[in-house]
Amino acid sequence: MQLPRLILTSPHDSPPTLCRGLESPCLLPHPIPMWRLGIVDFDSSHCVEFTRRFNHAGLDRDQYVDGARVVAGSSTESLMSPERIPGHLAELRSIGIDMVDHPEDLLGRIDAVLILSICGSAHLSRVRPFLEAGIPAFVDKPFACSLPDALEMVRLAEQHNVLLMSSSGMRFADEALLIQQHQQSFGPVLGAVTFGPAKRADGNPGLFHYGIHSVELLLQLLGPGCESVRTTYSDGAEVVTAQWTDGRIGTVRGNRHGSTAYGYVAFCERGVIPQLVSTRNSYRNLLRAFVQSLDSRTPAVPPSSSLEVVRFILASLRSEQTAGSVVRLDEVG
């Protein structure tokens with residue numbers, strides 16, 4: 001019997017708001033005609049890709065994101081890829097983005113900030129002045145590479161009652177939204193396997209680099225509540241088996257040799273759904289979700305989910321380092 005393959009009825013539909021956010025509303029203007037965005041750090045290609053979509057530059061119209069525009073940016077020291085900054089800086093200037101000397105110089109010129117440092121360890125120091133000033137923030141993946149950093153960012157957002165959002169674009173890929181859109185037909189997800197590249201890099205240990213996309217995809221499919229993980233590691237791949245508090249099991253396979261396509265298999269109550277995942281609309285959908293989050297003052301991916309991703313990857317890394325032992329997420333710190 002051939003397994004069902006689902007296709008979006010319209011590939012250009014905006015994604016729905018997927019999750020609840022902070023319990024108390026953020027005290028921001030609502031709505032405003034056009035959100036002025038600032039970018040901090042240019043060592044990731046996301047600084048160019050995001051700006052192209054917000055500023056309607058150099059892309060097909062179906063990739064445009066309305067409601068916000070990048071107006072200024074600031075580059076600081078890169079901990080991982082300083083050689084990429086000059087090229088990205090030149091592209092951003094060609095789009096008409098103003099540059100300031102220091103991130104704090106963006107204050108007063110922007111309504112929200114995009115922290116796009118490729119290294120997760122840089123994110124706390126970069127976002128702190130904006131959260132303290134009440135500026136809503138998107139922090140790129142990985143949210144953080146340590147739990148104390150992640151907890152401090154969430155604490156600052158709560159203390160200053162300001163929106164904070166972090167996410168891989170993989171959560172918002174068209175195919176990642178299929179399960180929610182067709183849940184009435186296939187029923188709840190009882191388990192899932194996600195897969196994708198897991199190339200490693202100094203500065204973002206373990207799955208914090210490329211592997212984070214498959215981790216976030218798994219948590220998107222199964223929702224919150226991961227309790228423990230167990231990792232089997234080899235040079236060519238790693239497999240993380242995770243158990244949820246309700247007994248469901250999810251698996252992440254990160255590949256370093258051979259094909260590194262993204263995809264998943266979702267085991268639902270009334271069907272098994274195998275699905276390759278395209279990245280074509282993932283940035284667009286993610287950025288539209290962020291603009292919707294700014295307008296509604298509710299993050300499409302709540303900080304609690306970002307904390308769970310950090311705990312998941314830290315627990316996976318500890319399991320790898322302890323010969324595949326089972327590690328509970330509440331044991332990592």
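# Notebook: helix packing and buried spots

I began with one helix pair: His46, Glu49, Phe50, Arg53 and Phe54 of α1 meet Tyr283, Arg284, Leu286, Leu287 and Val291 of α8. I sorted the residues of this contact by class and got six nonpolar, one polar and three charged. A reminder to myself before going on: this is a predicted model.

**Entry: how α1 sits on α8**

I looked up the geometry of the pair next. The axes of α1 and α8 are 10 Å apart, and the packing angle is about 70°. Angles of 65 to 115 degrees count as roughly perpendicular, and α1 and α8 are therefore roughly perpendicular to each other. I also noted the hand of the crossing: α1 passes α8 in a right-handed one.

**Entry: α1 and its other partner**

I then turned to α2. How do the axes of α1 and α2 cross? Helix α1 covers residues 46–54 and helix α2 covers residues 85–95; their axes come within 9 Å and cross at roughly 15°. Angles under 35 degrees count as roughly parallel, so α1 and α2 are placed in that group, roughly parallel to each other. Here the crossing of α1 past α2 is left-handed.

I listed who touches whom. From α1 come Cys47, Val48, Thr51 and Arg52, and from α2 come His88, Glu91, Leu92 and Ile95. By class I find four nonpolar, two polar and two charged residues in the contact of α1 with α2.

I kept one general point beside this list: an α-helix has 3.6 residues a turn, so residues three or four places apart point the same way.

**Entry: is α1 buried or exposed?**

I checked how much of α1 is covered. Eight of its nine residues are buried, so α1 is largely enclosed by the rest of the structure. The buried ones are His46, Cys47, Val48, Glu49, Phe50, Thr51, Arg53 and Phe54. I asked what lies over them, and the cover includes β1 (35–40), β2 (68–74), α2, β4, β5 (137–139) and α8 (282–296). Just past the helix I noted histidine 56, which follows α1 and has a positive phi, near 55°.

**Entry: α3 and its cover**

I did the same for helix α3, residues 123–132. Seven of its 10 residues are buried, and the helix is mostly covered. I wrote down the buried set: His123, Leu124, Arg126, Val127, Pro129, Phe130 and Leu131. Their cover includes β1, β4, β5, α4 (147–159) and β6 (164–166). Glycine 134 follows α3, and its phi is positive too, near 80°.

**Entry: a look at isoleucine 115**

I picked a residue in one of those covering strands. Isoleucine 115 lies in strand β4, residues 112–115. Its relative accessible area is 0%, and buried means under 20%, so isoleucine 115 is buried. Which residues is isoleucine 115 in contact with, leaving aside its neighbours within four places in sequence? I found Val40, His123, Arg126, Val127, Phe130, Phe138, Val139 and Asp140. I also took one distance across the model: the C-alpha atoms of isoleucine 115 and alanine 192 are separated by 31 Å, with their positions 77 residues apart along the chain.

**Entry: a look at leucine 276**

I chose a second residue to set beside that one. Leucine 276 is in strand β12, residues 271–277. Its relative accessibility is 47%, which means that leucine 276 counts as partly exposed. From leucine 276 to alanine 176 I noted 9.5 Å, C-alpha to C-alpha, while the two are 100 residues apart in sequence.

**Entry: α7 with α9**

I came back to helix pairs for one more. Helix α7 (residues 212–222) and helix α9 (residues 303–321) have axes 10 Å apart and pack at an angle of about 125°. α7 and α9 are therefore oblique to each other, and α7 passes α9 in a right-handed crossing. The touching residues are Ile212, Val215, Glu216, Leu218 and Leu219 in α7, and Glu308, Val309, Phe312 and Ile313 in α9. I counted seven nonpolar, no polar and two charged residues in the contact of α7 with α9.

**Entry: the whole chain**

I ended by stepping back. The chain has nine helices and 13 strands. How many of its 333 residues, in percent, count as buried? I noted 57%. The C-alpha trace spans about 55 × 45 × 40 Å along its principal axes. A compact globule with 333 residues would have a radius of gyration near 20 Å, and the 19 Å of this chain agrees with that. Last, among contacts between residues at least 6 apart in sequence, 76% join residues at least 24 apart.

Definitions and conventions: Residues numbered from 1 in each chain as written. Predicted model: local features only at pLDDT ≥ 70, side-chain atom pairs only at ≥ 80, totals over all residues. Heavy atoms only, no water. Axes fitted to C-alpha atoms, helices over the stretch in contact; angles between N-to-C directions. Helix = DSSP H or I, 4+ residues; strand = E, 2+ residues; numbered from the N terminus. Parallel < 35°, antiparallel > 145°, perpendicular 65-115°, else oblique. Left-handed = near helix turned anticlockwise from the far one by under 90°. Contact = heavy atoms within 4.5 Å. Nonpolar A, V, L, I, M, F, W, Y, C, P; charged D, E, K, R; others polar. Buried < 20%, exposed > 50% of the residue type's maximum accessible area, 1.4 Å probe, protein only. Rg over C-alpha atoms; globule rule 2.2 N^0.38 Å.
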